[in-house]
Amino acid sequence: MSVIEVKHVTKDYGQGRGIFDVSFKIEEGEVFGFLGPNGAGKTTTIRHLMGFTKAQEGELFINGKNCWKSAAIIKRDVGYLPGELAFPKNMTGDQLIEFIAEERQITDKTRTEELKDLFELDTSEEIKEMSLGTKRKLAVVTAFMHNPKILILDEPTSGLDPVMQERFIQFILNEKAEGKTILLSSHIFSEVDATCDRIAIIKEGVMVSTIEAAQLKRNTNKAFKIEFASAKDYQKFMENTKFVIPIERPKQNQIKLNLTDEKMQQLFTELSEVKVNFISEIKFTLEDYFMDFYDREKTVADGEENLQYGLY
């Protein structure tokens with residue numbers, strides 16, 4: 001049984017806003033990346049998982065329990081980090097932590113202190129006086145102080161400085177090593193790429209791709225930027241090449257092309273007939289895969305075919 005399951009969920013707010021027939025599963029111990037820009041539907045999906053919103057169609061489950069009907073029970077097992085922070089007024093960080101500890105019946109504060117140390121959090125300050133980054137660190141501590149087995153994270157590093165972003169990524173990797181099940185919603189490619197086992201891309205409320213992160217890392221597609229020594233060399237190559245050239249820059253005598261390892265010999269055979277200033281390889285990344293869906297209308301099958309056959 002999957003730990004988290006979203007089954008054909010629709011919430012239509014009108015004018016193309018909402019989520020539409022969204023489905024995915026997250027297995028125990030898996031880190032699942034939910035990737036998309038602001039407004040794509042990530043937060044709406046998460047709010048349904050947390051039982052804040054009822055789906056118009058479809059169902060959501062965590063540990064086999066219906067997220068709408070069993071929201072209170074589910075929250076005991078989940079560490080939830082919202083994208084938009086809202087704290088009680090006129091409290092210090094210490095008072096908030098104490099309040100949540102009482103609510104969750106936490107008597108051993110060892111983990112809480114470890115988290116405060118890890119993220120260098122001073123909880124003595126009033127929350128209303130805290131910076132956005134400090135508030136985000138406070139949210140991290142309060143979300144994870146009960147050591148939950150399931151983490152649902154919505155833009156978790158928003159507001160954190162680069163050092164704390166890296167520290168948070170390492171924290172997630174440690175949680176993953178302990179067998180936690182994690183849903184990580186983000187638009188930051190580096191943190192998704194560093195932590196996730198599978199990655200789903202959502203666009204305008206619709207799931208357009210789900211892919212294993214390892215498949216991206218194993219990808220043999222390559223992109224090359226080539227500058228020719230002269231306009232004559234550029235023109236000669238363009239007239240004779242058998243490759244499709246997606247980007248042409250005749251004023252700079254440059255091209256960009258994409259190919260798989262199997263086509264490398266053909267490329268260098270063609271280049272032996274002309275003079276070049278340089279050839280530079282451009283590494284294929286998660287961002288390339290993501291932008292391919294956002295640049296053009298594409299189905300899951302299209303994206304996976306392009307990944308396999310080097311059509312980027």
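**Exercise 1. Work out whether Val276 counts as buried, partly exposed or exposed, and what surface feature Val276 belongs to.**

Step 1. Val276 has a relative accessibility of 32%, so Val276 counts as partly exposed (buried means under 20% relative accessible area, exposed over 50%, partly exposed in between, with a 1.4 Å probe and protein chains only). Keep in mind that this is a predicted model, where local features need pLDDT of at least 70, side-chain atom pairs count only at pLDDT 80 or more, and totals for chains, interfaces and linings use all residues. Residues are numbered from 1 along each chain as its sequence is written, and side-chain values use heavy atoms, with hydrogens and water left out.

Step 2. Now find Val276 in strand β14, residues 276–282 (helices, H or I with at least four residues, and strands, E with at least two, are DSSP runs numbered from the N terminus).

Step 3. Look around on the surface: Val276 joins Phe268 and Ile279 in a nonpolar patch, and together they have about 210 Å² of accessible area.

**Exercise 2. Find out which residues of helix α3 are buried, and which exposed residues sit on the face turned away from them.**

Step 1. Helix α3 runs over residues 93–103, and its buried residues are Gly93, Leu96, Ile97, Ile100 and Ala101.

Step 2. Look down the axis of α3: these buried residues fall within an arc of 135 degrees, so they line one face of the helix (the arc is that of the directions from the helix axis to the C-beta atoms).

Step 3. Flip to the face turned away from the buried side, and you meet the exposed residues Glu102 and Glu103.

Step 4. As for what covers the buried residues, it includes α4 (110–118) and α5 (132–144).

Step 5. Just past the end of α3, check Gln105, which has a positive phi of about 60 degrees.

**Exercise 3. Describe the aromatic pair of Phe24 and Phe34, and say which strands it ties together.**

Step 1. Searching the whole structure turns up nine aromatic pairs (rings of Phe, Tyr and Trp, its six-membered ring, pair if their centres lie within 6.5 Å; planes under 30 degrees apart are stacked, over 60 edge-to-face and the rest tilted).

Step 2. The Phe24 and Phe34 pair is tilted, at 5.4 Å centre to centre and 50 degrees between the planes.

Step 3. Phe24 is in strand β2 (residues 17–26) and Phe34 in strand β3 (residues 31–35), so the pair ties together parts 10 residues apart in sequence.

Step 4. Finish with accessibility: Phe24 is buried at 6%, and Phe34 is buried at 0%.

Definitions and conventions. Contact = heavy atoms within 4.5 Å. Patch = residues over 30% accessible without salt bridge, like charges linked within 9 Å, V, L, I, M, F, W, Y side chains within 5 Å. Areas by Shrake-Rupley, 256 points an atom, 1.4 Å probe, with all protein chains shown as cover. Salt bridge = Lys/Arg side-chain N within 4 Å of Asp/Glu carboxyl O.
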